[in-house]
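Work through the exercises below with the sequence and the model at hand. Each task is followed by a solution in steps.

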Amino acid sequence: MTEKMRAMVLENLGPVESNPLKLREIDKHQIQKQNELLVKIEACGVCHSQLHSIEGDWKEIGLPPTLPTVPGHEIVGRIEKIGDNVVRFKIGDRIGITPLMGSCLNCQYCNEGKEYLCENMEVTGESLKGGYSEYITISEDFVTRVPETMTSEYAAPLFCAGITAYKAVKAAEPEKNKKIAIFGIGGVGHMAIQFCKVEGCEVTGVSRKEKHLDVAKKLGADNTFVYLSDQEKFLDKLNDEYGLFDAAIVFAPVDEVTDTAIKSVKKGGTVVIATVGKIPNFLAFEEKTIRGTLIGSRKDMEQVIEISEKNNFQVVTETFPLEKANEVLQKLKNSDIEARAVLIP
Ligand SMILES: [Zn+2]
Ligand SMILES: [Zn+2]
């Protein structure tokens with residue numbers, strides 16, 4: 001008889017209020033290739049991107065690519081079995097998995113250390129291999145070791161929110177006293193603030209919600225501004241009370257926010273778009289730079305673990321049992337999660 005495992009399965013897209021994730025017993029993943037690990041999942045973060053793809057907001061960009069899927073792409077677990085050719089890990093080691101499940105390791109992108117841009121990349125949580133379940137298998141080449149000093153619920157959000165924040169801050173070219181604004185303080189934004197502080201930047205948190213700005217302040221933001229949909233009012237207030245930024249990083253997947261961020265930086269400044277989004281308005285003669293970023297490489301992931309451990313980063317999490325995934329997504333939708341929710345199977 002095939003072994004089974006519990007998983008929250010997405011069979012049809014729909015609003016999270018309709019409980020689109022169903023608790024199912026599906027076949028437990030088994031090692032298929034000799035370089036694979038079988039991992040018993042201990043924690044999986046709930047990323048904002050799942051909310052959008054589950055509700056069908058991103059159908060036009062092909063997300064999710066198939067159904068059914070088991071969502072979830074920031075995973076920490078312990079290795080339960082290893083394939084015969086595994087060399088870097090042993091049974092019992094604890095590892096983490098990012099949204100990048102695999103790539104060809106052979107193309108130009110892969111050879112340049114930008115394997116997350118590989119045309120043949122596989123994405124965690126866009127098949128039945130996702131984190132909202134008890135087990136997953138993955139090649140040993142695409143996991144990162146988690147130090148025993150970190151709990152699994154602390155480490156899990158580092159594997160999407162953490163690496164996304166790290167890469168976006170790097171793209172903003174941080175340096176001492178550079179004025180950087182973070183638009184959107186949630187799971188990703190709260191870590192971006194800390195990466196900026198490590199670099200000595202003067203960082204400003206921008207969010208619609210006071211509650212999120214309090215988190216930003218607690219984590220070391222030098223300033224905060226409440227985001228206003230009335231762009232003119234927001235920019236006037238910013239100019240009166242602070243002035244323009246050298247760089248802005250946008251984590252809120254709303255084009256209107258990106259537009260405001262572009263107008264909030266000085267001429268020659270940089271705007272990093274670290275979410276799905278288009279550029280609404282761009283005046284070439286202001287010599288601004290707009291950069292897109294997407295997760296990061298395996299090397300970046302190792303850096304994230306190292307920096308967070310060394311600097312005692314705070315990862316603000318709330319844990320919930322796996323079965324509560326729908327409720328958690330509803331809370332996320334209503335901005336009732338302070339920073340990051342983590343599911344425990
Ligand atoms: Zn994510
Ligand atoms: Zn490749």
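**Exercise 1.** State whether C47 and H73 are buried or exposed, and place them in the chain.

Solution. Both C47 and H73 are buried, where buried means under 20% relative accessible area, exposed over 50% and partly exposed in between (1.4 Å probe, protein chains only). The model is predicted: local features need pLDDT of at least 70, side-chain atom pairs count only at pLDDT 80 or more, and totals for chains, interfaces and linings use all residues. Residues are numbered from 1 along each chain as its sequence is written, chains are lettered from A and ligands numbered from 1 in the order in which they are written, and side-chain values use heavy atoms, with hydrogens and water left out.

Next, take the zinc ion (ligand 1): its protein donors are C47 (SG), H73 (NE2) and C160 (SG), at 2.0 to 2.2 Å. Donors are N, O and S atoms within 2.8 Å of the metal (3.2 Å for Na, K and Ca); water is not among the atoms, so sites may look incomplete. The spacing of the donor residues in sequence is C-x25-H-x86-C. C47 sits in the loop between β3 (36-46) and α1 (48-54), and H73, 26 residues apart from it, in the loop between α1 and β4 (75-82), so that the pair links distant parts of the chain. Helices (H or I, at least four residues) and strands (E, at least two) are DSSP runs, numbered from the N terminus.

**Exercise 2.** Find the cis peptide bonds that lead into P64 and P68, and locate these prolines.

Solution. The bond from L63 to P64 is cis, with omega near -5 degrees. L67 and P68 are also joined by a cis bond, with omega about -5 degrees. P64 lies in the loop between α1 and β4, and P68 is found in that loop too.

**Exercise 3.** Describe how α4 and α5 pack, and what covers α5.

Solution. First, the geometry: the axes of α4 (residues 161-171) and α5 (residues 189-198) come within 8 Å and cross at roughly 45 degrees. Axes are lines fitted to C-alpha atoms, for helices over the stretch in contact, and angles run from 0 to 180 degrees between N-to-C directions. The two helices are therefore oblique to each other; angles under 35 degrees count as roughly parallel, over 145 as roughly antiparallel, 65 to 115 as roughly perpendicular and the rest as oblique.

Second, the contact (heavy atoms within 4.5 Å): A161, G162, A165, Y166 and V169 in α4 meet M191, A192, F195 and C196 in α5. These residues divide into 8 nonpolar, 1 polar and no charged. Ala, Val, Leu, Ile, Met, Phe, Trp, Tyr, Cys and Pro count as nonpolar, Asp, Glu, Lys and Arg as charged, and the others, Gly among them, as polar.

Third, the cover: 8 of the 10 residues of α5 are buried, among them H190, I193 and Q194. The elements covering them include α4, β10 (179-183), β11 (202-207), α6 (210-218) and α9.

**Exercise 4.** Which phi values do I295 and N312 have, and is each residue buried or exposed?

Solution. I295, not a glycine, has a positive phi of about 20 degrees. I295 lies in the loop between β15 (289-292) and α9 (298-310) and is buried, with a relative accessible area of 9%. For N312, phi is near 50 degrees, again positive in a residue other than glycine. N312 is in the loop between α9 and β16 (317-321) and counts as exposed at 64% relative accessibility.
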